[in-house]
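User: Could you take a close look at the ligand site in this model and walk me through what surrounds the ligand?

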Amino acid sequence: MNRRHFLTASAFAGTWCLLSPRARALGANEDLRVAVIGFNSRGKAHIDSLLKAKGARLVALCDADSAVLDKTADELAKKGTVVAKYGDYRKLCESKEVDAVVIATPNHTHTLIAMTAAANGKHVYVEKPVSHNVWEGRQLAEAQAKYKVNIHHGFQRRSETCWEDALEWLKEGQIGRMTLARGFCYKPRPSIGKIGAPAKPPATVDYDLWSGPRELLPVKRTKFHYDWHWQFPYGNGDLGNQGPHQLDVCRWAIGDPALPKAVLSVGGRVGYEDDGDWANTQLVWLDYDPVPVLFEVRGLPKKGVDYKSGSDAFKGESIGNVIECEGGWLAGGHSAGCEVFDKDGKVVKEFKGTKSHMQEWIDAVHSGKQRSIHSAESGHLSAALAHIGNISWRTGADAPMDKIRSAFADPAKEAIDRLAKHLEANGVDPAKTPLKLGAALAVDAKAERFTGPGAEAANALLKGDYRKGFELPL
Ligand SMILES: NC(=O)c1ccc[n+]([C@@H]2O[C@H](COP(=O)([O-])OP(=O)(O)OC[C@H]3O[C@@H](n4cnc5c(N)ncnc54)[C@H](O)[C@@H]3O)[C@@H](O)[C@H]2O)c1
């Protein structure tokens with residue numbers, strides 16, 4: 001690795017966050033007044049973190065589902081925390097009683113709500129992926145400087161000191177040159193079912209607000225909340241759900257570069273037929289020089305589409321990273337802690353420790369100084385890796401396994417062979433249920449656009465549609 005690149009683009013280049021004229025200047029002993037937006041599941045953990053955090057106070061809640069809103073607000077009131085309630089994030093963002101927001105809504109409203117809050121002078125913690133598409137992620141990255149507020153992404157690995165220390169140690173060349181950054185999302189994802197006819201949203205949901213920039217489409221899934229992850233208009237599949245956490249670690253490991261020079265993906269939604277659109281099985285090659293990134297998604301279990309059989313693993317990791325070097329590898333999963341192995345697989349060093357990602361944000365807002373590894377720019381670039389992988393896949397065509405194998409560079413061929421065995425173990429015959437070989441796309445990293453063959457169709461997917469009244473505040 002080029003050491004100079006690390007020093008300029010790495011974790012240690014902090015950025016100053018100038019205070020917006022619209023943001024309230026906090027006194028030394030004043031709490032940051034925070035609202036959580038969206039808390040059916042993930043947002044609940046944020047509420048808990050905020051209740052424990054120093055220098056912040058939960059003052060408001062906002063959810064487009066009144067059942068979720070009332071239930072959580074009532075539970076909090078019983079424990080002595082009384083908060084203001086909002087159904088409409090736009091009204092919340094205008095409140096003078098709120099300094100900052102934490103956003104855990106579905107992916108398609110992350111950037112919209114984050115930018116609306118930033119434009120109103122609020123500091124923002126926005127869940128991963130910070131964007132639903134590449135274009136809006138870029139707008140968010142620029143909103144940080146434009147609105148002079150702190151925009152903090154939800155990749156909590158970036159506050160795990162174990163990873164930071166381990167990557168620093170690797171950078172010193174302790175186990176030789178880095179050769180490949182691998183990420184894994186071998187996470188069981190059973191079928192979401194198939195409904196007979198399009199349904200209506202639950203009566204408690206304000207579907208206009210929930211849909212945000214998207215048209216008010218008929219609901220084509222049994223479980224309204226969460227399962228939007230697997231549908232094109234709202235989610236980004238597991239490559240863009242769990243995947244971005246480990247893609248983020250890959251990008252961190254190779255020095256936090258911008259987009260790669262090329263991308264190629266293969267995948268399919270196999271093993272069952274359901275209402276999901278995105279691939280449940282996928283492989284992505286991100287052509288970075290000198291260290292490429294290889295990412296694998298497996299939503300099917302070990303064998304027989306039987307989720308009791310567990311998940312596959314590579315060098316011990318199912319949901320995690322394996323950073324290969326000439327003299328061994330660094331491996332770790334989706335919780336604080338990682339280990340270095342020598343070429344014989346013997347553990348030679350362990351890294352432990354983490355900080356609270358929420359507290360890091362609160363402290364950064366108070367200090368007016370944000371680390372670049374927590375920035376909207378960083379969140380955008382790591383999320384964009386999932387988006388461009390998905391675009392390659394979506395603009396591809398069904399292909400036999402031998403053609404798929406020959407399309408990939410050498411280190412990925414071995415992964416394709418393992419993928420073929422994984423499909424066989426689950427009784428998926430690629431001759432009958434072919435995988436889609438994505439378009440091999442060249443990327444202009446500076447412009448964040450595709451160039452060359454396949455670029456026209458691919459560029460059309462860089463940006464989503466924005467319904468009137470839900471355009472980004474640019
Ligand atoms: N960092 C992590 O480790 C982590 C873990 C889990 C989920 N997440 C992220 O958190 C987000 C939420 O995930 P989830 O599993 O809680 O989803 P969910 O669908 O269960 O909950 C989303 C909530 O947001 C509400 N909502 C939707 N649109 C809204 C709007 N316009 N205004 C206000 N509220 C709105 C919904 O009513 C619902 O209560 C996802 O983007 C996911 O990627 C991050």
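Analyst: What follows describes the ligand site first and then some backbone features elsewhere in the chain.

The model is predicted, and the distances and areas given here are computed from its atoms. In this model the ligand sits in the largest pocket, and the elements that give two or more residues to the shell around it are helix 5 (110-119) and helix 8 (207-211). That shell is made up of 28 residues, of which N40, D63, N107, H110 and W228 are the closest to the ligand. Sorted by class, the shell holds 11 nonpolar, 12 polar and 5 charged residues. Domain 1 (3-158 + 358-375) and domain 2 (161-206 + 214-353 + 383-459) each give residues to this shell, so the ligand lies between the two domains.

Several polar contacts can be followed atom by atom. D63, already named among the closest residues, places a polar side-chain atom 2.6 Å from an oxygen atom of the ligand. For Q156, a polar side-chain atom lies 2.9 Å from a ligand oxygen atom, whereas T105 takes part through its backbone, with a polar backbone atom 3.2 Å from an oxygen atom of the ligand. On its own the ligand has 860 Å² of accessible area, and the protein covers 94% of that area.

The backbone also deserves a careful look, given that most residues other than glycine have a negative phi and most peptide bonds are trans. Y226, which is not a glycine, has a positive phi of about 65°, and this residue is found in the loop between helix 8 and helix 9 (243-253); helix 8 is one of the elements named above for the shell around the ligand. A cis peptide bond runs from K128 to P129, with omega near -20°, and P129 belongs to the loop between strand 6 (123-126) and helix 6 (134-147). D289 and P290 are likewise joined by a cis peptide bond, here with omega about 5°, and P290 lies in the loop that connects strand 10 (281-286) and strand 11 (293-298).

Terms used. Residues numbered from 1 in each chain as written. Predicted model: local features only at pLDDT ≥ 70, side-chain atom pairs only at ≥ 80, totals over all residues. Heavy atoms only, no water. Near = heavy atom within 4 Å. Polar contact = N/O pair within 3.5 Å; in protein donor to acceptor, adjacent residues only side chain to side chain. Areas by Shrake-Rupley, 256 points an atom, 1.4 Å probe, with all protein chains shown as cover. 1 Å grid on protein atoms, 1.4 Å probe; cavity = no way out; pocket = protein on both sides within 12 Å on 5 of 7 lines; lining within 4 Å. Sits in = over half its atoms within 2 Å of the grid points. Helix = DSSP H or I, 4+ residues; strand = E, 2+ residues; numbered from the N terminus. Nonpolar A, V, L, I, M, F, W, Y, C, P; charged D, E, K, R; others polar. Domains from an automatic or database assignment.
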